Amino acid sequence: MAGREKLAVRRQAGINQLNLNIRTSQQDWFSLSGQLKIDQDEVMELKTLLDKVRETRSRFIPMGEGQFLALTQEFRNRLEELILYGTSQPGNELEVKIHPLAAIALEELTHQAQTKADQGWRQRLQAIAEAQQLTPKVPTTLKADLRDYQKEGFIWMSRLAHLGVGACLADDMGLGKTLQSIAVILSLAHLGPSLVVAPTSVCMNWEAEVNRFAPTLAFHMFSESNRDEIIPALGKFDVLVTSYTLMQQEIELLSQVRWQAIVLDEAQAIKNAATKRSKAAMRLDGRFRLITTGTPIENHLGELWNLFGFINPGLLGTYKQFNRRFGIPIERYHDREARRTLKKLIRPFMLRRIKSQVLEELPLRTEITLRVEMQADEMRFYEALRQQAIENIEGSGEKTGRHLRILAEIMRLRRACCNPRLINEQVDIPSTKLQVFAETVEELLGSGHKALVFSQFTGHLALIRHFLDERNITYKYLDGATPTKERQEQVESFQAGEGDLFLISLKAGGLGLNLTAADYVIHMDPWWNPAVEDQAADRAHRIGQKRPVTVYRLVTANTIEEKIVRLHQEKRDLANSLLEGADVSSRISAEELLELIRAN
């Protein structure tokens, strides 16, 4: 007992007893030092106090000889935040180095302590306060009515752009991240050019949306043929869109430009810091850096560190520091305090809304084209078929039946766009379209969504069924051969919650089905008439559907599929004049059909 009696709490200490000094150091970082006044004659250096807090899990700080200093719980919490946000400076035993953007997270501490700060710190806080008061107007040249949550997203991004710091827009799929990004690009366009980096399959969607919603922007697709000429000519109101692959290949060119805005779409593409793609992206020079991703990245901390390394370099420290402070405590030990502190640090720079939060504000229907880029072997296979088709048509010399012969060759090419095995079952060439489908389905099912999957080819659906069976993904199925009774049973069981996907042949599923259990629709191949696709999508998008519906169209690049999609636009007056379900191909001349097969 005698030993215990010597243990004593010497006195209490709160944040208001901390004297804090803040000065601006290199590259606008801040150095913090200070002293805690314990009593009239004794003070403790801030660095010593932080070391003692690190060593003990409680708020009682050992002072030697059985004496303890009792910190208030709030003071202890603020000091732990400072430990996680700060970096020790080699050779300087008194100061803690702080990233300029951590000023937002540490503002509470600096207000409660007795703080002396230099002009640099005061200017930083003033700039943050001004940005928070900023209410930017949506550009009048944006040809879209933003919904309330989209306006909020635009204002949030504009405030960060005003500060010159980066942002992560992590909205759920289908909430219009592209449109919100275009609005910000448009608001900055008068200052200089913007760059968008996206997966190849999404680049075409960017082209369509920029031209549709921001016609005053000059859109440029970075392609094989125009790389050297296009970069030097870029200026105000120019937007350059490129794939991640081309960005990596041409980083020497792209890194020479001072971009006003850089958008990395589907930014999980750079989640791995060790890849050449990620290293290339880090070299891009942009005043406002924006990443968009529908993936809830806060659950993958190493990836989060790299994504934030792009938008706000240094904020989360080195990877080793980040892992020690956040990665290991959160992932291995489920440390709630470390998780709370990390969220507090990144919250100003990341915005995520999920569908259920903004349900009333959601668009009724969102349509997205995924551009599928064939691998080399698959493209060679397709090209051989295309050349053979031309020889078969032009070599026959027959005039009668020419129209039907061309349609038959077109049908073969369209099957080849879906999967080479639809042409030759023995061929061992992977289908890129099946791979894009697999990635899309994985993301949808991982987020708890259900989808309708349409193809006009039952053979294509058979290959998809085999793929799903191998992965134990549950689904319902119907085509033109499905008996009426079984058809109804399949629909009712899907509506009751059975099955993740519903595979349907396009013509069999175009009418008479109510499938509102699904909120996503995937068209595996484009039909001649977009009205037929629309009718199929309306199986989910109809009365009784409480959620927005997102429609994906998978289109294979540099093939007949792209030409058919182009035909949707070029022949729109013809398509619109047709009866529901009619086939556009019957209204096109043999020569026009043959042009679809010829090279671009």
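This is a dialogue on how to read the sheets, helices and salt bridges of a predicted model.

Biologist: What should I know about the model before I start?

Modeller: The model is predicted, so local features need pLDDT of at least 70 and side-chain atom pairs count only at pLDDT 80 or more, while totals for chains, interfaces and linings use all residues. Residues are numbered from 1 along each chain as its sequence is written, and side-chain values use heavy atoms, with hydrogens and water left out.

Biologist: How many helices and strands are in the chain?

Modeller: The chain has 24 helices and 22 strands. Both are DSSP runs, numbered from the N terminus: helices are H or I with at least four residues, strands are E with at least two.

Biologist: What share of the residues counts as buried?

Modeller: Of the 600 residues, 53% count as buried. Buried means under 20% relative accessible area, exposed means over 50%, and partly exposed lies in between (1.4 Å probe, protein chains only). The chain exposes about 28,100 Å², and carbon and sulfur atoms supply 48% of that area. Accessible areas come from the Shrake-Rupley method with a 1.4 Å probe; for residues, only the protein chains shown count as cover. As for contacts (heavy atoms within 4.5 Å), among those with a separation of 6 or more, 74% come from residues 24 or more positions apart.

Biologist: How do I read a sheet?

Modeller: Strands of a sheet pair through backbone hydrogen bonds, either parallel or antiparallel. Here two strands pair if DSSP finds at least two bridges between them. One open sheet has 3 strands in the order E1-E6-E5, with mixed pairing. Strand E1 (8–13) and strand E5 (60–64) are at the edges with a single partner strand each, so one side of each has no neighbour in the sheet. From one strand to the next, the twist averages 30°. Angles run from 0 to 180 degrees between N-to-C directions, and axes are lines fitted to C-alpha atoms, for helices over the stretch in contact.

Biologist: Which residue of E6 do Gln12 and Phe60 stand opposite?

Modeller: Ala70 in E6 stands opposite Gln12, and Ala70 also stands opposite Phe60. E1 runs parallel to strand E6 (residues 67–71), with 5 bridges joining them. E5 and E6 run antiparallel and are joined by 4 bridges. These two strands form a hairpin with 2 residues between them, and Glu65 in the turn has a positive phi of about 55°.

Biologist: Which sheet has 6 strands?

Modeller: That open sheet has the order E17-E22-E21-E18-E20-E19, with parallel pairing. E17 and strand E19 (475–478) stand at its edges, each with a single partner strand, so each has one side without a neighbour in the sheet. Neighbouring strands here are turned by 20° against each other on average, direction ignored. E19 is joined to strand E20 (residues 501–505) by 4 bridges, running parallel, and Tyr477 is opposite Leu503 in E20. Helix H18 (residues 432–446) lies across E17, E18, E20, E21 and E22, at about 160° to E22.

Biologist: How do I check the length of a helix?

Modeller: The expected span is 1.5 Å times one less than the number of residues. For the 17 residues of helix H17 (residues 402–418) that should be 24 Å, and the end C-alpha atoms are 25 Å apart, which agrees. Buried residues in H17 include Ile406, Ile410 and Leu413.

Biologist: How do I read a salt bridge?

Modeller: Side chains of opposite charge can pair when their charged atoms come close. The cut-off is a side-chain nitrogen of Lys or Arg within 4 Å of a carboxyl oxygen of Asp or Glu. The structure holds 23 of these bridges. One of them joins Arg78 and Glu108, with the closest N and O atoms 3.9 Å apart. Arg78 lies in helix H3 and Glu108 in helix H4 (residues 103–112), so the pair ties together parts 30 residues apart in sequence.

Biologist: Are Arg78 and Glu108 buried or partly exposed?

Modeller: Arg78 is buried at 8% relative accessible area, whereas Glu108 is partly exposed at 37%. Both belong to a salt-bridge network with Glu74, Glu81, Glu337, Arg340 and Lys344.

Biologist: Where does Arg371 find its partner?

Modeller: Arg371 forms a salt bridge with Glu562, the closest N and O atoms being 2.7 Å apart. Arg371 is in strand E17 (residues 365–372) and Glu562 in helix H22 (residues 560–570), so parts 191 residues apart in sequence are tied together. Both residues, Arg371 and Glu562, are buried.
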